[in-house]
Amino acid sequence: MNHTTQLPDQRSVHVRNGTATALPPPARRRKRPRPTSTQWAAWGFLAPVTLYLALFYAYPLYRNIDLSLREYTVRSFVQGDAPFTGLKNYRTVFADPTFAPALLHTALFTAVCLVFQYAVGLALAVFFNQHFRLSATLRALFLVPWLLPLIVSASTWSWMLNSDSGVVNAVLHVIGVGPVNWLTSPSWSLASVIIANVWIGIPFNLVVLYSGLQSIPGALYEAAALDGANAWQRFWRITFPLLRPVSAITLLLGLVYTLKVFDIIWIMTKGGPADSSTTFATWSYQLGFGNLLPAFGPGAAVGNLLVVAALVFGLVYLRVQRKQAQS
C-alpha cells in the first residue's frame, strides 16, 4: 500500500509497504537578482555613449544605406516618398566611366600618402627621440600643420602651387627649372593634393610613433650597443619590431582618414582638371551636391563603398592583432 503524508515542516513523506521515505523538498524558484547600485552606475555611464553612437553614427549610416537603395529626387527627398530600387544605384555607379579613374585615384592617393606620412613621421620620431637641445621646441613646431584648419592649409598650398605667382614655381625658376602647372595639369593635379595631404598628416604619425618610442626600455639599446650593434641594427632589430603594435594602429587610423579626405582635394583642384584628381570622396559630393539635378542615390552608393573599404581594413587589422596576441 502506497500513500503520501505531509510533515509539519511541509516536506512530503512517501509511505510504501509500511516504510516511510522522506521526499526531497520541492525546488524553489530562484529570484532574479536585482541590479546593484554598481550595475546601475555602469548603465548610467554607458547611456550617453550609446545615445551618441546611435544618433551620430548608426542613424546616419542607416539613412545613407536607405538613400543608396532608393531613387531620390529633390521632391522625394523632401516628401520622403522615394521608390525602392534595390541595387540599381550601385549598378549605375559601377557602369559610370568615372568609376575606374576614381577607384585608381583613391587607391594611389591613399597608398602614397600612407607610405610617406609613416616613413617621414617615423624618421622624425627617431630623430627627436635623441633628446637634444631644443628638441621639444622643434617637435612642437612640427605640429603646426596638424593644428591649422584644413581650409587654411589647403588654401595655402593652392597659393604656393599656383602656376603664375606660386612660391614653388619661383624657387624652380631660380634653379633653372621651368614652371609646372601643379593644379591645372592632369599630370600633376593628383601629385599636388598628395603633397599637401602628406604635409598635413606627418605630425599625427610623429606624435603617435614618438609616444611608442618612449615606451621602449633604454636598457635594450645599451645591451645591443655593448654587443656591437650599430645604429641601423638597433633600429631594425629593436625599434621597428617593438613599434609594430603602434605602427599598426597608426596606419589603420591614417588609412581611414585618408580614404575620406575631401576638403583638401576640393579646395585645391575640385577633382579636376578632367577628373584627374577625383576620388570617391569628391565624386560622392559631386553626385549628391555638385549638379543642378543631384543624384542622391548614386552619391550615397559611392559613400557606402568608402565605408565598406574602411570596414574591411578594420577587420583585417583586428584579425592580425588577434593572431599576434595568440602567438
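Which residues of α7 are buried? The notes below take up that point and others in this predicted model.

1. Buried side of α7. Ser-153, Ala-154, Trp-157 and Ser-158 are the buried residues of this helix. Around the helix axis they span an arc of only 135°, so they lie on the same side of α7. Their packing partners are three helices: α6 (144-147), α9 (189-214) and α13 (263-268).

2. Opposite face of α7. Turned away from the buried side is a face that carries Ile-151 and Trp-159, both exposed. Val-152 also belongs to helix α7. With a relative accessible area of 37%, Val-152 is classed as partly exposed, because that value falls between the limits of 20% for buried and 50% for exposed.

3. Nonpolar surface patch. Leu-134, Leu-138, Leu-141, Phe-142, Val-144, Leu-148, Ile-151, Val-152 and Trp-199 together make a nonpolar patch of about 760 Å² on the surface. Two elements give two or more residues to this patch, namely α5 (135-141) and α7 (150-160). Val-152 qualifies for a patch as far as accessibility goes, because its 37% is over the 30% that patch residues need. Ile-151 is therefore worth reading in two settings: it is a member of the patch, and it sits on the face of α7 turned away from the buried side.

4. Leu-209 in α9. One of the helices that the buried residues of α7 pack against is α9, and Leu-209 has its place in that helix. Its relative accessibility is 0%, so Leu-209 counts as buried. Beyond its neighbours within four places in sequence, Leu-209 touches Tyr-118, Gly-121, Leu-122 and Ala-125, as well as Leu-243, Val-246, Ser-247 and Thr-250. As a distance check, the C-alpha atoms of Leu-209 and Arg-244 are 10.0 Å apart, while the two residues are separated by 35 residues in sequence.

5. Salt bridges. How many salt bridges does a search of the whole structure find? The search finds two. Asp-66 pairs with Arg-63, with 3.3 Å between the closest N and O atoms. Asp-66 also meets Arg-70 in a salt bridge, at 2.8 Å from N to O. Arg-63, Asp-66 and Arg-70 are thus joined in a network of salt bridges. Such pairing is possible because side chains of opposite charge can pair when their charged atoms come close.

6. Setting of the network. Asp-66 and Arg-63 are three residues apart in helix α1 (residues 37-68), so about one helical turn separates them. Asp-66 is buried, at a relative accessible area of 13%. Its two partners are partly exposed: Arg-63 has a relative accessibility of 26%, and Arg-70 has 25%.

7. Confidence. The mean pLDDT of the protein is 85, and 89% of the residues score at least 70. Helix α4 (residues 99-128) has the highest confidence, at 94, and strand β1 (residues 2-6) the lowest, at a mean of 49. Residues 3-13 stay under 50 in pLDDT, and the model has 18 contacts for them beyond four places in sequence. Where pLDDT is low, the predicted coordinates should not be read in detail.

Key
Residues are numbered from 1 along each chain as its sequence is written. This is a predicted model: local features need pLDDT of at least 70, side-chain atom pairs count only at pLDDT 80 or more; totals for chains, interfaces and linings use all residues. Side-chain values use heavy atoms; hydrogens and water are left out. Patches are made of residues with over 30% relative accessible area and no salt bridge: like charges are joined within 9 Å, nonpolar side chains (Val, Leu, Ile, Met, Phe, Trp, Tyr) within 5 Å. Accessible areas come from the Shrake-Rupley method with a 1.4 Å probe; for residues, only the protein chains shown count as cover. A salt bridge is a side-chain nitrogen of Lys or Arg within 4 Å of a carboxyl oxygen of Asp or Glu. Helices (H or I, at least four residues) and strands (E, at least two) are DSSP runs, numbered from the N terminus. Buried means under 20% relative accessible area, exposed over 50%, partly exposed in between (1.4 Å probe, protein chains only). The arc is that of the directions from the helix axis to the C-beta atoms. Contact means heavy atoms within 4.5 Å. pLDDT is the predictor's confidence in each residue, from 0 to 100.
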